Amino acid sequence: MNAQKRKKNYFHNHGNNKKKRKQFNLEPGMKGFLCTCNFSEKECVRDAYKILNEFADEIYGLDSIKDSNNENIKVSDIKKDETKYNDNEDDISVVLNKEINELKAEYSKPINARRFQVIDTGVKNIVFIRSSLTNPLELVTKIITELYNTKQQRTRYLLRLLPIEVICKANMNDIKSKADAMLEKYFAQEPKTFSIVFNRHSNNNIYRDEIIEDLAEIINKKNPGNKADLKNPELAVIVEMVRGVCLMSVAPNYYKFKKYNLLEICNTKESIK
């Protein structure tokens, strides 16, 4: 009887865990950052959180959380409280409680309210960080430009960091419809040189040649002056197929910044003028 009860409880809990984790799956409509690593996805996520938060704080200011009274509290205010109590060892517990409440408040937020949230892609060595930021490219540009100029390595396990502007279902109708809207703001004004970068991960239903031909046709219709350049384009259109969804973005200076590989950017030796 005890063994049967344990089995029932196991499968019951296992099902509940699946149900809770369903909201963390990669889905159409999301924005954020596609991260790649060669191993140790947990460490890759830590790298991503660290560098994204650091540079996001510089651009947008410190993220705010909510306390038990539903009032906004800035992380900077919490740090001020910590310094106030540093001189009194008896009040260390107050500081610790502040930190605990901060973490509880952050993880009690709805996913949509969090600045960054790791999402399960279902593909090994491919990590997605969902974001509430409206323009992921702005943050990535800040990061890679800093790394390119300083050559200071800031990550160990996180390799490529790609901004993702659009996620849709992996079928040609959805892809062309979403791509048309996304490409309008990049290619409808001044003529640009471009390339289309296509990668597949656990998806055999969409073909590279078809994607490239259809997206190139859309770009040329935006402005007949747009020209393909496979070696050094001004803009690279990134298309990443991940199982049943398609992730798209436009990446400036894609090859100059080593395909947005953070480690390779730091290892590049440039002559200093």
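This passage walks through the overall make-up of the chain and then a handful of local features. The model is a predicted one, and what follows should be read with that in mind.

Starting with the broad view, the chain has 273 residues, of which 40% count as buried. Its secondary structure adds up to eight helices and 11 strands. Contacts reach well along the sequence: taking those with a separation of 6 or more, 75% are between residues 24 or more positions apart.

Helix packing comes next, with α6 and α7 as the example. Two packed helices are described by the angle between their axes and the distance between the axes. Here, α6 (residues 172-187) and α7 (residues 208-222) have axes that come within 10 Å and cross at roughly 40 degrees, and the crossing is right-handed. On the α6 side, the contact is built from Met 172, Ile 175, Lys 176, Ala 179, Asp 180, Leu 183, Glu 184 and Phe 187. Helix α7 answers with Glu 210, Ile 211, Asp 214, Leu 215, Ile 218, Ile 219 and Lys 222. Sorted by class, that makes nine nonpolar and six charged residues, with no polar ones.

On to the aromatic side chains. Seven aromatic pairs turn up in a search of the whole structure. One of them joins Tyr 148 and Phe 257 in an edge-to-face arrangement, with 5.2 Å from centre to centre and 85 degrees between the planes. Tyr 148 sits in helix α5 (residues 136-150), while Phe 257 belongs to the loop between β11 (245-252) and α8 (262-267), so the pair ties together parts that are 109 residues apart in sequence. Both partners are tucked away: Tyr 148 is buried at a relative accessible area of 17%, and Phe 257 is buried at 7%. The two rings also belong to a cluster, in which ring pairs link Tyr 148, Tyr 254, Tyr 255, Phe 257 and Tyr 260.

The loop that holds Phe 257 has another feature to offer. Lys 258, also in the loop between β11 and α8, has a positive phi of about 55 degrees despite not being a glycine. With a relative accessibility of 33%, Lys 258 counts as partly exposed. Ser 40 is a further non-glycine residue with a positive phi, again about 55 degrees. Ser 40 is placed in the loop between β1 (32-36) and α2, and its relative accessibility of 29% makes it partly exposed.

Helix α2 itself covers residues 41-60, and Tyr 60 is part of it. Tyr 60 is partly exposed, at 33% relative accessible area. Leaving out residues up to four places away in sequence, Tyr 60 touches Arg 115, Leu 133, Asn 135, Glu 138 and Leu 139. With Glu 138, there is a side-chain to side-chain polar contact of 2.9 Å. As for Leu 139, its C-alpha atom is 9.6 Å from that of Tyr 60, although the two residues are 79 apart along the chain.

A second polar contact with a glutamate involves His 201, whose side chain meets that of Glu 240 at 2.7 Å. His 201 is in strand β8 (residues 193-201) and, at 19% relative accessibility, falls under the 20% limit for buried residues. Beyond its neighbours within four places in sequence, His 201 is in contact with Val 123, Ile 126, Glu 240, Met 241, Val 242 and Arg 243.

Note on methods. Residues numbered from 1 in each chain as written. Predicted model: local features only at pLDDT ≥ 70, side-chain atom pairs only at ≥ 80, totals over all residues. Heavy atoms only, no water. Helix = DSSP H or I, 4+ residues; strand = E, 2+ residues; numbered from the N terminus. Buried < 20%, exposed > 50% of the residue type's maximum accessible area, 1.4 Å probe, protein only. Polar contact = N/O pair within 3.5 Å; in protein donor to acceptor, adjacent residues only side chain to side chain. Contact = heavy atoms within 4.5 Å. Axes fitted to C-alpha atoms, helices over the stretch in contact; angles between N-to-C directions. Left-handed = near helix turned anticlockwise from the far one by under 90°. Nonpolar A, V, L, I, M, F, W, Y, C, P; charged D, E, K, R; others polar. Phe/Tyr/Trp six-rings, centres within 6.5 Å; stacked < 30°, edge-to-face > 60°.
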